[in-house]
Amino acid sequence: MNGKRITLIIGGGIAAYKSCELVRLLRKAGHQVRCVLTKSGAQFVTPLSLAALSEDKVYTELFDLKDEVEMGHIQLSRQADLLAVVPATADLIGRMAAGMADDLATTLLLATDKPVLIAPAMNVRMWLHPATQRNIETLRGDGIQILEPDEGAMACGEFGPGRLPEPQSIFDAIIAMLGGSPKPLAGQHVIVTAGPTHEPIDPVRYVANRSSGKQGYAIAEALATLGARVTLVSGPVHLPTPKGVHRIDVETAVEMQAAVAGNLPADAAVMVAAVADWRFPSADQKIKKQDGAPPVLEPSENPDILAGLCRSPLRPRLVIGFAAETEQVIDYATTKRMRKGCDWIIANDVSGDVMGGDRNSVHIITDQGVESWPDTDKAEVARQIAQRIADALA
Ligand code: CTP
């Protein structure tokens, strides 16, 4: 897929410098890039750098009479295969959502009939503000593709969602939108939990379960194959990290919850882990045998990671839970879906050798009802689930 024409609108934010690398990646892949620099964008990158990288003129003003003669703003928006806004500031997003056309960038965005991708980047509070979230929903409703910001330390010294994704992720999302990639999840971030949790009792003992992590790891791999950026939060398992997957190792349920929360925002979450329901006050020293008196373990309930995520203000658009049951599989799982507030529950009967084995037979429970898949190997279950996720996020 060569020679696509991309109009790149650069808003005014500290992340604007990343747009230079994006231009380089697009040019290297053989695409034409026409840069439009907003007035505030020009405070962060110079037209000269963008002109050098794009090997083209850089457009900055709406009422540049010479350009209106050579190429009116309507042509500038129509003669593109895609418009991308990188970074999209809160102000630019607000003006887009309101349908304003008070500078060249917003005029192009209003005049275009081509696909539009925006990559928001701003301070965490600005991103989470209801006004910004409302505007984002409006733009989504208008058919604009939103590349969710990353979470991390920000230039303003705060920590949270609001960082511009890396140029490579933006590049992947653009290429996917142009239909040049068979990777339908490019640009989407998915968190997967997998494996058991270990709840320590003392420095040498813990309470665990039989989960092998195989199904969760297979799902992480299948999602990455479809182009997703996958964060795999894994309990203790003996499995290699799937290719292209970012793995975070945890031991306890509390650590797993913190790792999930710390890696939001995400477009989807698949909670495959068999999280221990209980934890114990862990003794500092090894508990010694005492004649005839077994130790009394006083459990306290672990946080429900899935239910908490469903109620979080950063709830991913699609949240999927698993339900490991040994009886009344569909009934229990249906109730579980309602109780936890997730979109789908994937239920399996673990009374046989499913835990640790290579095969699985699952039922997918959604608000549309129950669908039962025939018994198959875990990799195939994973591929089908990943494809479903891609269809749901499309
Ligand atoms: N789960 C979770 N946090 C917990 C317990 C479970 O996130 N503390 C998630 C699992 O990852 C899974 C779903 O909730 O996606 C259901 O897990 P399951 O163990 O079947 O359900 P429980 O809530 O533990 O219910 P029960 O043990 O009563 O069947």
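**Figure 1. The β7–β8 hairpin in this predicted model.** Strands β7 (residues 150-153) and β8 (residues 159-163) pair up in the antiparallel sense, and 4 bridges hold the pairing on record here. Pick out Ala 153 and you'll find its bridge partner in β8, Phe 159. There are 5 residues between the two strands, and within this hairpin Gly 157 takes a positive phi near 95°. Cys 156 sits in the loop between β7 and β8 as well. Is Cys 156 buried or exposed? Neither label quite fits: its relative accessible area is 45%, and since buried means under 20% and exposed over 50%, Cys 156 counts as partly exposed. For a distance check, go from Cys 156 to Met 122: the two are 34 residues apart in sequence, and their C-alpha atoms are 9.4 Å apart in space.

**Figure 2. The whole chain, for orientation.** Before zooming in again, here is the overall picture. The chain has 14 helices and 22 strands. Its C-alpha atoms fill a box of roughly 95 × 45 × 35 Å along the principal axes. Of the 394 residues, 51% are buried. If you look at contacts with a separation of 6 or more, 66% of them come from residues 24 or more positions apart.

**Figure 3. The parallel sheet of 6 strands.** This open sheet runs in the order β3-β2-β1-β4-β5-β6, with parallel pairing. Which strands stand at the edges? They are β3 (58-59) and β6 (145-146); each has a single partner strand, so one side of each is left without a neighbour in the sheet. At the β3 end, β2 and β3 run parallel and are joined by 2 bridges. One residue to click on there is Val 36, whose bridge partner in β3 is Tyr 59. Helix α9 lies across β1, β4, β5 (116-120) and β6, and runs at about 165° to β5.

**Figure 4. Helix α1 and what covers it.** Helix α1 spans residues 18-28, and its buried residues are Lys 18, Ser 19, Cys 20, Leu 22, Val 23, Leu 25 and Leu 26. What covers these residues? The cover includes strands β1 (5-10), β2 (32-37) and β4 (82-88), along with helices α2 (47-54) and α9 (167-177). After α1 comes Gly 30, with a positive phi near 90°.

**Figure 5. Helix α5 against helix α8.** The axes of α5 (residues 90-97) and α8 (residues 130-141) come within 9 Å and cross at roughly 50°. That angle makes α5 oblique to α8. The crossing is left-handed. On the α5 side, the residues in contact are Ala 90, Ile 93, Gly 94, Met 96 and Ala 97, and they meet Thr 132, Asn 135, Ile 136, Thr 138 and Leu 139 in α8. Sorted by class, this contact has 6 nonpolar, 4 polar and no charged residues.

**Figure 6. The mixed sheet of 8 strands.** The strand order in this open sheet is β13-β12-β9-β14-β17-β18-β20-β21, and the pairing is mixed. The edges belong to β13 (245-249) and β21 (369-372), each with a single partner strand, so one side of each has no neighbour in the sheet. On average, neighbouring strands of this sheet are turned by 20° against each other, direction ignored. For a parallel pair, look at β9 (residues 189-194) and β12 (residues 229-234), which pair over 6 bridges. There, Val 190 stands opposite Val 230 in β12. Helix α13 (residues 329-340) lies across β17 (318-325), β18 (344-349), β20 (362-366) and β21, running at about 150° to β18.

**Figure 7. Helix α10 packed on helix α14.** Helices α10 (residues 214-225) and α14 (residues 378-393) pack at an angle of about 45°, and their axes are 8 Å apart. So α10 is oblique to α14. The α10–α14 crossing is right-handed. From α10, the contact takes in Lys 214, Gln 215, Ala 218, Ile 219, Ala 222 and Leu 223; from α14, Lys 378, Ala 379, Val 381, Ala 382, Arg 383, Ile 385, Ala 386 and Ile 389. By class, the contact of α10 with α14 has 10 nonpolar, 1 polar and 3 charged residues.

Methods: Residues numbered from 1 in each chain as written. Predicted model: local features only at pLDDT ≥ 70, side-chain atom pairs only at ≥ 80, totals over all residues. Heavy atoms only, no water. Axes fitted to C-alpha atoms, helices over the stretch in contact; angles between N-to-C directions. Parallel < 35°, antiparallel > 145°, perpendicular 65-115°, else oblique. Left-handed = near helix turned anticlockwise from the far one by under 90°. Contact = heavy atoms within 4.5 Å. Nonpolar A, V, L, I, M, F, W, Y, C, P; charged D, E, K, R; others polar. Buried < 20%, exposed > 50% of the residue type's maximum accessible area, 1.4 Å probe, protein only. Pairing = 2+ DSSP bridges.
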